[in-house]
Amino acid sequence: LSKVKNMSYMFDECDSLESVIFGETSALSVTDMSYMFQNCRRLEIADFSNVSIGSIRNMGYMFCNCLSLQKLNFGKFNTALLQSLEHTFSGCMNLERIYVGEKWSIKAVASGNSTFAGCEKLVGSVSYAAIGDPSYKAATLNGYLTPVDPSVKIPPVEEKPEKEDTGKLNIFERIIQWFRNLFQRLFGKKD
């Protein structure tokens, strides 16, 4: 995955997807994660705590309408080049926390309309209810985000106990499945 640049639409509308946990991964060079999990309504866990990304430019609609999502951990993301946060968390009505590290920045963001629209449970340094403004300007450490102490190991988001056939796939299995589906759509054949 270290050479992948574009992850947009990778899990878009995966209704049975409940969790994605990026394991021990060093650095990713991905620049586009837009629409990555859009409309994954059952997604509860998206754990990026072991992922270091320094080249991300587009996170627009990344988690849009992920109704079951509760916590996110972007502790190792460097967003100095980030340009779009438009609708990134829009419609995430159960999202409670977004953890970010010291390299989280929105200085380069040019588009951030409705980043947090409908995130009524979201708290950070200031809660959504206190601000009531769903614009990206609240995406600072004084807004909806929760800073993590870089000297403390970031706790991963807790997984639910394993149930029989939860629909949970690790990231590599999901990528393989995504490519198989793409191959079928392009060529109308099974691999």
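Where does N39 lie? N39 sits in the loop between β2 (27–28) and β3 (45–47). In this predicted model, N39 counts as buried, because its relative accessibility is 11%, against a cut-off of under 20%. Beyond its neighbours within four places in sequence, N39 is in contact with D12, E13, D15, C64 and N65.

The overall architecture is as follows. The protein has 2 helices and 7 strands. From the N terminus, the order of elements is β-β-β-β-β-β-α-β-α. The protein counts 191 residues, and 44% of them are buried. Among contacts with a separation of 6 or more, 76% join residues 24 or more positions apart. The accessible surface is about 9,800 Å². Carbon and sulfur atoms contribute 50% of that surface.

An open sheet is built from 5 strands. Their order is β1-β3-β5-β6-β7, and the pairing is parallel. The edges are held by β1 (19–21) and β7 (146–147). Each has a single partner strand, so one side of each lacks a neighbour in the sheet. At the β1 edge, 3 bridges join β1 to β3. One bridge partner there is known by residue: S19 is matched by I45 in β3. Strands of a sheet pair through backbone hydrogen bonds.

The segment before β1 contains K3. K3 counts as exposed because its relative accessibility is 73%. The C-alpha atoms of K3 and A27 are 9.4 Å apart in space, although the two residues are 24 apart in sequence.

The largest nonpolar core holds 43 residues. Within this core, M33, F37, L43, F48, F63, F74 and F89 touch the most other members. Two elements, β5 (71–74) and β6 (97–100), give two or more residues to the core. F48 has contacts with F22, M33, F37, M62, F63, N73, F74 and F77, leaving aside its neighbours within four places in sequence.

Aromatic pairs in the structure number 14. In one of them, the rings of F37 and F63 have centres 5.2 Å apart and planes at 5°. The pair is therefore stacked, since planes under 30 degrees apart meet that criterion. F37 lies in the loop between β2 and β3, and F63 lies in the loop between β4 (52–53) and β5. The pair thus ties together parts that are 26 residues apart in sequence. F37 is buried, with a relative accessible area of 0%. F63 is buried too, also at 0%.

A second geometry appears in F48 and F77. Their ring centres are 5.6 Å apart and their planes stand at 80°, so the pair is edge-to-face. F48 belongs to the loop between β3 and β4, whereas F77 belongs to the loop between β5 and β6. This pair ties together parts that are 29 residues apart in sequence. Both F48 and F77 are buried. Ring pairs also link F11, F37, F48, F63, F74, F77, F89, W104 and F116 into a cluster.

The structure holds 0 disulfides. For C64, the closest cysteine sulfur is that of C92, at 7.1 Å. That distance is too far for a bond, because a disulfide needs sulfur atoms within 2.5 Å. For C119, the closest cysteine sulfur is again in C92, at 5.3 Å, which is too far for a bond as well. C64 is buried, with a relative accessible area of 6%. C119 is buried at 0%.

Note on methods: Residues are numbered from 1 along each chain as its sequence is written. This is a predicted model: local features need pLDDT of at least 70, side-chain atom pairs count only at pLDDT 80 or more; totals for chains, interfaces and linings use all residues. Side-chain values use heavy atoms; hydrogens and water are left out. Helices (H or I, at least four residues) and strands (E, at least two) are DSSP runs, numbered from the N terminus. Buried means under 20% relative accessible area, exposed over 50%, partly exposed in between (1.4 Å probe, protein chains only). Contact means heavy atoms within 4.5 Å. Accessible areas come from the Shrake-Rupley method with a 1.4 Å probe; for residues, only the protein chains shown count as cover. A nonpolar core is a set of buried Ala, Val, Leu, Ile, Met, Phe, Trp, Tyr and Cys residues joined through side-chain atoms within 4.5 Å. Two strands pair if DSSP finds at least two bridges between them. Rings of Phe, Tyr and Trp (its six-membered ring) pair if their centres lie within 6.5 Å; planes under 30 degrees apart count as stacked, over 60 as edge-to-face and the rest as tilted.
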